[in-house]
Every structure is written in C-alpha cells, then in structure tokens.
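Here is a short report for a first look at one protein chain. Keep the structure in view while reading.

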Amino acid sequence: MDTVKEHEEKEEMEQNKVSQMRSLVESQDPISKDVDDLTLRRFLRARDLDVEKGSALFLKHMKWRRSFVPNGFISESEVTHDIAHKKVFLQGYDKTGHPILVFYGAKHFPNKLKGGIEEFKRFVVYFLDKLSAKIPTGQEKFFIIADLKGWGYYSNCDIRGYLAALSILQDNYPERLAKAYLIHVPSVFMAAWKLIYPFIDNNTKKKFVFVDNKNLKSTLLQEIDEVQLPEVYGGKQPLLPIEES
C-alpha cells in the first residue's frame, strides 16, 4: 500500500510525463492542443508511462479518428445492418459509476456483404462513443457484459470482426475498459477465445472475467446495485437498445 507521500510522488511523476507528452504530440499535430490532460494520460498509461510509445499511440489515434470518423460521430444510417440485430444495449451504472453496456454475442452475425467488416467497425465506434459519452465527470471507464448464451461457432463466430473490435478498443479507447464480464459462456466459444486471446494486450487481459453461471447474479451484484442491474439478470433496469440511449 502506497503512503500518501509515495502516491503524491507518483502523481507528480505522471503529470510531468503528461507534460512531456503534450509537448511532443503538439509539435507533430497542432490539433492535439484541444485534447485534455486526462485523455493524454490514458494513452500514456496504456503504454506503461513510456512517453514516446504513448505519444505514438495517441498520434496514430488522431490520424485514424480524422479518417474513420470525419464527421466527428457515426450516425445510425451508417450502421443499419448491425443496429437491426438488436445486439447492444446501454443502461445503468455499476457501483463505481461506470456506465454499463450489454452485448449479445448470439445476435451478432458476420456481415458477408461487400464492406460488411467496415460497417461493423463503424458500429463498434458508434457504441463505444455512446458508451464513453455516458461516463460521468470524475470517471474514465465503462463496464461491459458480454452475454454469450446461444452463441454458435458456425453461426456467430466472427474472428475477423472480434479482432477489429479489439483493435479499435485498445488503440483508440485505451484505459476506458474497467471490466468485461463474459457470461453464459458455452464451451464451444473457448475455441474462438484461444484465437483472440493472444491479441489482447497485457493491460487489457486482466479486465476480462469469465463468470460461472451458478454465481451469475451474486457476482453481478458485487459490482452493480440491483436497481442498476438489467432485469434479465435479476435486477430492475429494463434493457435499452443502444440507438435509443
């Protein structure tokens, strides 16, 4: 346990690195001046406080954001295929104040049409932006429940899409994920998980938690008050489709 002095020294050291990072990124991308210190700090922490690596990640993100989200947001009209499947819901907060997103894996089907993977990537940005916008002042993270009940390897397995979503999360929303609970996990999913796991960075791996079915409600209630827990898991919050949030 850090003493108060040690904590203050760590805070000062980290803030000094944020200042170094700001000077570096602003010299290469003047638009970075509009970004607050908390955002820079998240990219810095994602690279274990390495200023050069954190700066490189941030500058790559800025370039990606201008190219992939030129209007500043993704509209529903750009992600109609994925919205139609009603697979992502957003409502409620955990006990720490992190907004909660529920994803139903069995309702995700790989879009095999031309450009389908690009629409799914836009959808990932669409719901991560909406989720991030729900984060209250004083918080930086969100909580995800991935419900895999009914997930089938041949119908729902989309390794390409999963890896694209993971890349977007890690590279462009670093240090946003508080926890990701994987629930109702069928044994067949583990074959897909073995393919995905090596691509998860070390800072993110520890945030994925497999929850045992028999302890599901009690485990969720450790993190989420009953009034904030979705009704489908024994709580009192009705599920709200992401496009209605």
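## Overall build

Of the 245 residues of the protein chain, 48% count as buried (under 20% relative accessible area with a 1.4 Å probe, protein chains only; exposed is over 50%, partly exposed in between). This is a predicted model, in which local features need pLDDT of at least 70 and side-chain atom pairs count only at pLDDT 80 or more, while totals for chains, interfaces and linings use all residues. Residues are numbered from 1 along each chain as its sequence is written, and side-chain values use heavy atoms, with hydrogens and water left out.

The secondary structure of the protein chain comes to 10 helices and five strands. Helices (H or I, at least four residues) and strands (E, at least two) are DSSP runs, numbered from the N terminus. The radius of gyration, taken over C-alpha atoms, is 19 Å. The globule rule (2.2 Å times the number of residues to the power 0.38) gives 18 Å for 245 residues, so the protein chain is as compact as a globular protein of that length. Its C-alpha trace spans about 50 × 45 × 35 Å along the principal axes. Contact means heavy atoms within 4.5 Å. Among contacts between residues at least 6 apart in sequence, 74% join residues at least 24 apart.

## The nonpolar core

A nonpolar core is a set of buried Ala, Val, Leu, Ile, Met, Phe, Trp, Tyr and Cys residues joined through side-chain atoms within 4.5 Å. The largest one has 28 residues. Those with the most contacts inside it are Leu101, Phe123, Val125, Tyr126, Phe127, Leu128 and Phe142. At least two residues of this core come from each of helix H3 (51-68), strand S1 (88-93), strand S2 (99-104), helix H5 (116-133), strand S3 (142-147), helix H7 (159-172) and strand S4 (177-183). The largest share, eight residues, comes from H5.

Which residues does Leu101 touch, not counting residues up to four places away in sequence? They are Val88, Phe89, Leu90, Phe127, Leu131, Phe143, Ile144 and Ile145.

## Two helices that cross

Helix H1 (residues 4-28) and helix H2 (residues 37-46) pack at an angle of about 100°, with their axes 10 Å apart. Axes are lines fitted to C-alpha atoms, for helices over the stretch in contact, and angles run from 0 to 180 degrees between N-to-C directions. H1 and H2 are therefore roughly perpendicular (65 to 115 degrees). On the H1 side, the residues in contact are Glu14, Gln15, Lys17, Val18, Met21, Arg22 and Val25. H2 meets them with Asp37, Leu40, Arg41, Phe43, Leu44 and Arg45.

## Residues in loops

Four loop residues are set out here.

| Residue | Loop | Relative accessible area |
|---|---|---|
| Gly97 | between S1 and S2 | 16%, buried |
| Leu113 | between S2 and H5 | 61%, exposed |
| Glu175 | between H7 and S4 | 19%, buried |
| His184 | between S4 and helix H8 (189-196) | 22%, partly exposed |

Most residues other than glycine have a negative phi. Glu175 has a positive phi of about 60° although it is not a glycine. Phi of His184 is also positive, near 50°.

Gly97 touches Pro136 and Gln139, not counting residues up to four places away in sequence. The C-alpha atoms of Gly97 and Val232 are separated by 20 Å, and these residues are 135 apart along the chain. For Leu113 and Phe208, 95 residues apart along the chain, the C-alpha separation is 31 Å.

Key:
Angles under 35 degrees count as roughly parallel, over 145 as roughly antiparallel, 65 to 115 as roughly perpendicular and the rest as oblique.
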